[in-house]
2 protein chains.
Amino acid sequence: MLLCLGSGLGFSGTDSVTHDDLVLMPYPASVEIKEGKFRLNKDFTIAHEGKAHDRLFAQATRMLRRLDRKTGFFFTQEFVTPEAKAGAGLVIKTQRPGEVRFGEDESYELTVGDNQIILSAANDIGAIRGMETLLQLLKADDEGYYFPAVEINDQPRFPWRGIMIDVARHFQPIDVIKRNLDGMAAVKMNVLHLHLVDDQGFRVESKVYPQLHEKASDGKYFTQQEIKEIIRYADELGIRVYPEFDVPGHATSWLVAFPELASAPGPYSIERNSGIFDPTLNPTIEKTYEVLGNLFVEMSNLFPDPYFHIGGDENEGHHWDQNQDIQKFMKKHGIKDNHELQTYFNKRLLKVLDKQNKKMVGWDEILQPDLPKTAIIHSWRGQEGLAKAASQGYKTILSNGYYIDLMKPAYKHYLNDPIPANSTLTDEQKKNVLGGEATMWSELVTPTTIDSRIWPRTAAIAERLWSPAELRDVESMYERMGEISFLLEEHGLTHIRNRDVILRNLTQQADIEALKVLSNVVEPLKGYRRNPGGAVYKTYSPFVLFADAAIADAPDARVFNRLVTDYLNGNSEAEEGIKTWLQLWSANHEKLAPVIARSPVLWSIKDLSANLSAIAKIGLDALEGELQEGDIMSQLNSYHSALAKLEQSREQGGRTDLQVVNSIKQLVKSKAGVLAAYRAENNVTVDGDFSDWNDVTWNYFVPAKHLNWNDTCHFAIKWDKKNLYFAFKVDNSNLQALANSRDKEGLHMDDGIEFLLDTDFDRSKEWKDDDLAYHVNVLNAIIDDRGSLKNGEYNNGWNGNAKTAVKVSGTVNDPSDKDQGYQVEVAISWKEIGKAPKDELVMGIDLCVNDRDDVYQQYRYFDYMNLPVFHMPAGFAKLVLVDKNFKERTSFEQE
Amino acid sequence: MLLCLGSGLGFSGTDSVTHDDLVLMPYPASVEIKEGKFRLNKDFTIAHEGKAHDRLFAQATRMLRRLDRKTGFFFTQEFVTPEAKAGAGLVIKTQRPGEVRFGEDESYELTVGDNQIILSAANDIGAIRGMETLLQLLKADDEGYYFPAVEINDQPRFPWRGIMIDVARHFQPIDVIKRNLDGMAAVKMNVLHLHLVDDQGFRVESKVYPQLHEKASDGKYFTQQEIKEIIRYADELGIRVYPEFDVPGHATSWLVAFPELASAPGPYSIERNSGIFDPTLNPTIEKTYEVLGNLFVEMSNLFPDPYFHIGGDENEGHHWDQNQDIQKFMKKHGIKDNHELQTYFNKRLLKVLDKQNKKMVGWDEILQPDLPKTAIIHSWRGQEGLAKAASQGYKTILSNGYYIDLMKPAYKHYLNDPIPANSTLTDEQKKNVLGGEATMWSELVTPTTIDSRIWPRTAAIAERLWSPAELRDVESMYERMGEISFLLEEHGLTHIRNRDVILRNLTQQADIEALKVLSNVVEPLKGYRRNPGGAVYKTYSPFVLFADAAIADAPDARVFNRLVTDYLNGNSEAEEGIKTWLQLWSANHEKLAPVIARSPVLWSIKDLSANLSAIAKIGLDALEGELQEGDIMSQLNSYHSALAKLEQSREQGGRTDLQVVNSIKQLVKSKAGVLAAYRAENNVTVDGDFSDWNDVTWNYFVPAKHLNWNDTCHFAIKWDKKNLYFAFKVDNSNLQALANSRDKEGLHMDDGIEFLLDTDFDRSKEWKDDDLAYHVNVLNAIIDDRGSLKNGEYNNGWNGNAKTAVKVSGTVNDPSDKDQGYQVEVAISWKEIGKAPKDELVMGIDLCVNDRDDVYQQYRYFDYMNLPVFHMPAGFAKLVLVDKNFKERTSFEQE
């Protein structure tokens with residue numbers, strides 16, 4: 001917590017506010033800041049004018065309570081009632097009662113003046129959205145609390161902004177649902193999708209078929225009374241609730257109650273693992289449709305929303321393949337594969353739902369040629385599928401990219417747009433994209449931890465779905481999300497408080513500081529790594545261990561990584577902050593080790609804790625010059641030992657991994673980077689083949705993490721009496737290059753490599769005559785330069801004589817396939833370099849990769865030294881020539 | 001958190017455990033520690049033998065889950081089922097199904113051996129109690145988790161161990177009730193008493209009279225479905241649930257629905273304040289009995305427990321007095337006062353309840369001469385009332401002393417025994433004392449804070465009611481309670497986590513450290529001080545402000561005060577800890593002030609925060625000798641300025657007050673105490689009258705806080721050429737003295753004062769010839785001594801010539817009345833002292849009060865310097881004679 005100084009309510013002294021002071025999320029469509037402040041005091045009252053549903057009064061009263069909690073005012077008004085009060089501070093004006101239905105008008109206008117606040121909306125639901133904005137506007141100065149004068153005009157970009165909560169894998173009781181509904185309302189979301197049934201449980205009471213919840217839920221299910229209460233509660237907040245009954249796959253729980261509906265002989269018991277399982281409903285027997293029909297009618301009545309999700313995902317049809325009767329049925333009806341059989345099944349269900357006036361929603365897989373256009377496609381597999389369905393005229397909802405259970409950082413979700421800037425959909429087709437849903441699959445969460453998986457990241461998704469598409473500033477998003485997080489906790493969410501609960505449980509003591517320091521720089525293993533094969537964790541495994549206290553955006557790591565980026569971009573003021581963090585971490589293991597020793601449940605993080613302290617020490621050593629002491633061979637040693645320790649520290653502990661390794665590595669590179677060029681033991685043939693490169697140590701570099709880009713560049717460097725040699729091996733799944741001849745413009749944007757040498761090792765900030773750079777693209781075209789012209793531009797007119805060769809794995813300029821990458825081999829003569837090669841000769845160096853990629857409509861690049869400008873010898877690593885006796889003179893191990 | 005190192009699971013290395021290592025609460029009746037350890041691993045299983053109610057399996061499974069959460073083991077056993085598993089690690093043996101009823105056998109035997117654990121009980125409820133003990137036994141060493149080998153035989157002391165939760169003043173929804181039931185089970189409590197109705201709300205659905213919950217609950221009430229779920233959930237834990245419908249007072253909510261039942265004309269609306277209100281049911285009309293009758297029948301069916309609480313408290317009968325019809329009715333029926341009228345009312349209700357086979361429970365006030373012996377008296381007013389009822393043959397339950405809403409420290413509740421050691425009840429009468437209930441009145445709590453008011457203090461009450469009476473070690477209780485607190489949080493209680501939530505809400509930031517430092521040394525205003533007249537807070541006032549984050553036993557204050565006590569008792573090692581705390585506090589305001597400045601909601605604690613830092617600095621100055629610098633007049637100044645600042649720092653802030661003032665004052669006294677004897681301006685007459693003492697500054701001292709004793713001794717000292725004069729004014733509500741003549745044995749235990757002088761001011765540890773001491777009791781008898789005999793005893797043979805006078809306010813030796821106290825005036829000649837009086841003469845001094853009090857069957861005492869042994873000049877304050885020019889030479893203000 002040392003460095004975590006939140007800016008609070010944006011205390012503004014007595015100056016007026018700016019846009020940066022407004023902690024609004026989702027940010028409104030239009031905000032105009034005015035002069036003035038509306039002062040809040042205990043006599044503040046709220047009145048209403050016009051027509052509205054009763055929920056308006058409930059929510060306005062609730063806002064009053066939330067304001068009193070925030071400000072400590074003992075407001076004299078107890079309830080907001082339809083009787084308007086003269087001189088009310090806030091007047092809410094609505095024209096008609098709102099309806100909690102898809103497409104309802106949610107727009108509002110909010111005008112804060114010195115003496116009165118007017119919130120106008122077509123209906124109470126718009127007004128409720130506006131109240132959340134007003135609450136977020138609360139600020140304080142020397143005189144107390146106030147709302148800054150503003151004029152806000154706001155409406156959502158997408159009409160479907162939801163969360164799917166999987167209550168099947170781990171049941172989430174009604175209080176969990178209610179507090180998450182509060183959270184949703186706080187960020188203006190409007191759909192709750194309940195994934196009620198899966199292999200691991202059937203989670204809703206059926207009065208028609210009580211065996212479903214009785215046999216297949218371990219007693220953990222919603223009563224119909226509770227479902228009604230959830231719907232009522234959501235309705236008050238202007239949120240729709242609709243159910244999902246996943247069929248025909250993910251069906252174990254159905255079959256526990258109805259083994260006769262199975263495609264394979266039982267017996268069936270509730271699934272305790274995670275993953276994709278074979279039990280599947282038999283779509284060829286009438287009993288299946290009878291049971292589903294009756295149940296769907298019952299559930300259609302229970303859930304008034306006109307949308308009804310039938311799942312339909314991940315049915316691999318193994319049991320269909322194995323069932324002779326099903327095979328016969330398919331033959332008889334001319335159903336040629338399992339996809340068609342599922343379509344047959346879906347169409348039968350569609351009839352049932354049609355009769356109930358329900359619109360069928362299903363996951364990607366239901367999109368089959370015959371699917372009626374009334375069905376809604378819920379995309380979990382990718383934006384392409386979504387675009388395809390939308391272009392075919394289906395209404396669509398996006399969840400791919402919003403899988404919050406995978407513990408990815410918020411910015412990834414934030415930048416994931418249902419209609420990306422480069423979308424090829426027509427304006428008409430774009431209207432088919434209704435919005436999106438954050439999907440909270442619950443294999444790895446319990447009521448204790450689920451909030452910390454949903455929040456605050458879902459606020460970023462909410463903004464993506466509500467606010468204008470142009471809003472894409474990740475730093476601003478993180479800053480506002482950090483503060484909204486407190487507001488969410490105040491609403492009752494447990495995402496902050498329960499982290500400490502878990503840490504206290506693990507240590508059985510109040511002093512969780514050292515453990516929290518570690519927890520704040522790790523993240524749970526991401527994607528499906530944490531629970532490979534769905535077999536590590538079962539339903540009843542403990543979910544209150546170290547990984548469960550960690551969150552997706554390790555908070556201290558984010559702050560630190562930002563500082564390092566600033567520092568490497570030349571902001572020297574960041575150094576002190578970096579040191580403070582490194583000192584904290586470097587001292588942490590000494591504090592934490594005894595705590596770990598006493599708690600066997602923490603033994604799995606002992607190395608993790610030791611690693612954090614070790615690499616923090618390495619970072620400090622780099623900053624303080626310790627790694628750079630001694631002769632060049634010592635420096636080479638120190639640097640490679642540091643790299644080896646940094647690599648080793650990537651090992652996971654307690655199902656988490658450290659999030660500061662790359663930043664520290666960048667620091668170490670920047671401060672102490674020394675690369676070795678090895679004396680070649682054999683002749684080197686420049687042919688793009690690396691069979692003659694086995695005698696050296698390879699190294700690698702990757703793009704900075706925030707670039708959201710996983711390619712790697714492996715490289716090695718050698719020398720002999722004649723040449724300096726480079727070998728590059730680059731991962732790239734989409735090879736693209738346009739320049740096919742020397743010095744052609746734009747070549748630097750093609751897929752290709754680049755190296756830069758400061759041959760005199762003068763570390764100058766300017767690009768001098770001794771400095772040279774080569775680009776080689778995947779078409780083996782070159783652009784090179786040496787020194788600068790008088791006007792300061794790099795001298796591209798210079799042409800070197802380096803030999804280059806490229807070997808491509810894949811097809812260049814064919815975006816339809818997936819490529820592997822390419823290799824580049826280079827020989828540049830000492831004559832050209834202008835140096836006499838000898839052991840321990842030092843030059844400056846940087847190495848880079850360029851990447852052209854149509855999807856992104858721009859080129860990307862990353863370099864070994866992570867420099868803001870490449871032609872800057874001052875930031876280069878040292879390159880030292882080492883001879884055959886290198887190994888005897890060094891202690892670092894080969895990778 | 002600096003100094004708060006919990007001992008966790010009592011990590012014991014590889015040594016074997018001791019009684020002190022066992023964190024058991026309530027501590028079992030008998031624990032025998034054996035050699036050996038039962039090692040826990042993931043293959044641990046639980047089996048059952050014998051007959052049991054199904055709740056056994058649910059609870060055994062739950063224990064497995066709690067063990068996995070604690071240890072991180074992924075146990076292979078998913079559920080505990082009736083099918084016994086061979087080789088189970090834990091075998092639970094029961095003989096019959098338990099019944100959740102008053103008086104059920106809850107005993108159990110727990111034997112942990114190296115290879116197996118046997119838990120035997122008559123029934124599953126005893127087994128459930130034993131499981132909680134087993135969970136608390138979990139320990140860890142270098143090899144991992146284990147249960148130490150023990151042999152435990154346990155059973156409760158009282159059969160009625162409950163919590164009353166007031167859900168009327170602030171409604172507490174079902175999830176609050178459920179998690180508190182979990183907490184109750186964890187400390188082996190067995191009764192939940194729901195106070196369902198009060199002026200502020202009618203909190204249960206009535207199908208017979210729906211207007212009750214519809215009109216009088218603001219929509220906040222339990223549905224009957226929820227009541228059934230609460231009862232089911234409690235039943236699984238072996239806990240009874242019974243309702244209270246408070247009549248005929250506290251009746252506003254009844255009258256909102258049924259104004260026709262009122263004793264005074266309406267209209268009635270739900271009460272929003274706290275306190276005692278006049279609305280009362282009219283006991284003279286039949287409609288009252290019709291409504292209550294029908295409702296009680298409905299509720300009797302809803303709550304299966306045979307006990308039914310009718311409240312009956314705090315009916316002042318004002319509306320009865322004012323109602324002419326009621327007055328006529330009383331006259332007609334020969335009912336002479338309101339008490340008799342209430343008895344009439346109660347007897348009518350008793351008939352209704354009798355028919356439903358319910359036993360009537362009521363608060364103290366229902367105990368009237370005619371009350372049938374089947375009624376149960378629930379004592380809230382005092383132990384005397386309880387004993388009286390028990391001696392009359394009524395069954396009784398104690399809640400006086402268990403009012404956890406009053407925010408008193410845990411030890412007060414802990415030492416409050418339903419049958420005190422000096423009870424005059426016969427063994428047979430003692431059986432009428434069934435136990436007790438902690439009472440959680442909810443005027444000032446919401447679901448966010450209620451847990452922190454109930455826990456962990458109620459664990460101390462649970463131990464009082466379960467464990468042997470002899471267990472009264474407060475330090476051991478606090479130590480175990482501190483650890484059990486974590487276990488309670490792990491069960492889902494929010495008493496720890498929600499403190500931080502409130503602090504984050506107040507600061508809107510993650511860095512709540514400085515605010516927490518302050519929060520950890522304050523306590524909410526106690527008793528009824530926080531909400532005087534019930535008018536400061538209303539139902540909908542904010543209850544998430546600074547006071548709501550503070551708890552009854554300010555945790556850091558407790559640690560610090562303990563250190564100071566140790567230090568003043570001669571443990572010099574405590575000094576470093578004291579300094580660390582004082583340094584933390586002294587630096588805290590600088591950190592907290594900017595946080596407060598930015599948050600208007602915190603402005604009310606600005607002085608509180610400044611005061612903490614100021615008095616911490618004073619404490620440091622005392623420890624480091626700063627206050628003792630300069631000449632004696634400077635020291636006198638420094639000391640009195642310090643005292644004045646300490647007194648001023650007692651001011652409340654944010655409805656809390658500081659809990660370290662007295663300890664710091666003791667430190668300051670001990671290190672820098674300088675009292676002034678003032679030059680008398682007039683002649684002093686030794687007559688016990690203080691009209692001639694207006695010319696001096698009075699001072700005072702009080703007993704150490706943990707003595708739980710509120711008397712005060714004011715005193716002043718003067719001198720003239722002939723004598724040194726003392727004036728004492730002592731509060732005492734029960735004057736007692738036996739010795740009526742000089743030097744009579746035991747006089748030192750009588751109510752009286754004492755002063756000791758180190759005339760040579762040699763500060764010796766031994767009592768030397770220059771040192772003299774006088775006791776004067778309230779009968780004006782004296783015992784004095786000077787110097788020591790050869791055998792080391794004080795020379796009581798010495799007789800001084802001091803003149804003494806006593807003036808008593810009250811009656812000595814009459815415990816039946818309430819006395820005010822007494823005054824003592826003393827003149828001792830300089831000749832006797834052996835010194836020549838002069839300005840700035842310094843001697844050593846201590847002043848004491850003795851107190852004999854039959855109720856406690858021992859004498860108590862307290863002294864100005866808080867010395868462990870009084871005859872110890874080394875610990876005395878300085879006494880300096882000051883002349884008429886005193887005021888010109890000092891800067892401290894007169895009190």
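Select B:Trp767 and B:Phe876 in this predicted model. Both residues are buried. Next, look at how their rings meet. The ring centres lie 6.4 Å apart and the planes make an angle of 70°, so the pair is edge-to-face; the cut-off for that class is over 60 degrees.

Now colour the flanking strands of chain B. B:Trp767 sits in the loop between β23 (752-758) and β24 (771-777). B:Phe876 belongs to the loop between β29 (858-863) and β30 (877-882). The two residues are 109 residues apart, so this pair links distant parts of the chain.

Widen the selection to aromatic rings. Over all chains, the whole structure holds 82 aromatic pairs. One of them is A:Phe690 with A:Trp698: centres 5.3 Å apart, planes at 55°, and therefore tilted. How accessible are A:Phe690 and A:Trp698? A:Phe690 has a relative accessible area of 11%, which makes it buried. A:Trp698 reaches 22% and therefore counts as partly exposed. The line between these two classes is drawn at 20%.

Stay in chain A and pick A:Phe38, A:Phe44, A:Phe73, A:Phe75, A:Tyr145 and A:Phe147. Ring pairs join these residues into a cluster.

Show both chains for the next stop. Select A:Arg65 with B:Tyr540. A:Arg65 lies over the face of the B:Tyr540 ring, 3.8 Å from the ring centre. Then take B:Arg65 with A:Tyr540. Here the charged end of B:Arg65 is over the ring of A:Tyr540, at 3.7 Å from its centre.

Zoom out to the pair of chains. What rotation superposes chain A on chain B? A turn of 180° does, with 0.0 Å of shift along its axis and an RMSD of 0.1 Å. That is the relation of a two-fold axis. The same surface serves both copies, and 100% of the contact residues of chain A recur in chain B. To find the axis from chain A, centre on A:Arg497. Its C-alpha is 2.8 Å from the rotation axis, the closest approach of any residue in chain A.

Last stop: helix α24 of chain A, residues 632-648. Put a distance monitor on its end C-alpha atoms. Why should it read 24 Å? The helix has 17 residues, and at 1.5 Å a residue the expected span is 24 Å; the end C-alpha atoms are indeed 24 Å apart, so the two agree. Then select the buried residues of α24(A). Among them are A:Ile632, A:Met633, A:Leu636, A:Tyr639, A:Leu643 and A:Leu646. The buried set also includes A:Gln635, A:Asn637 and A:His640.

Methods:
Residues are numbered from 1 along each chain as its sequence is written. Chains are lettered from A and ligands numbered from 1 in the order in which they are written. This is a predicted model: local features need pLDDT of at least 70, side-chain atom pairs count only at pLDDT 80 or more; totals for chains, interfaces and linings use all residues. Side-chain values use heavy atoms; hydrogens and water are left out. Helices (H or I, at least four residues) and strands (E, at least two) are DSSP runs, numbered from the N terminus. The expected span of a helix is 1.5 Å times one less than its number of residues. Buried means under 20% relative accessible area, exposed over 50%, partly exposed in between (1.4 Å probe, protein chains only). Copies are superposed by least squares on the C-alpha atoms of residues with pLDDT of at least 70 in both. Contact means heavy atoms within 4.5 Å. Rings of Phe, Tyr and Trp (its six-membered ring) pair if their centres lie within 6.5 Å; planes under 30 degrees apart count as stacked, over 60 as edge-to-face and the rest as tilted. A charge sits over a ring if NZ of Lys or CZ of Arg is within 6 Å of the ring centre and within 35 degrees of the ring normal.
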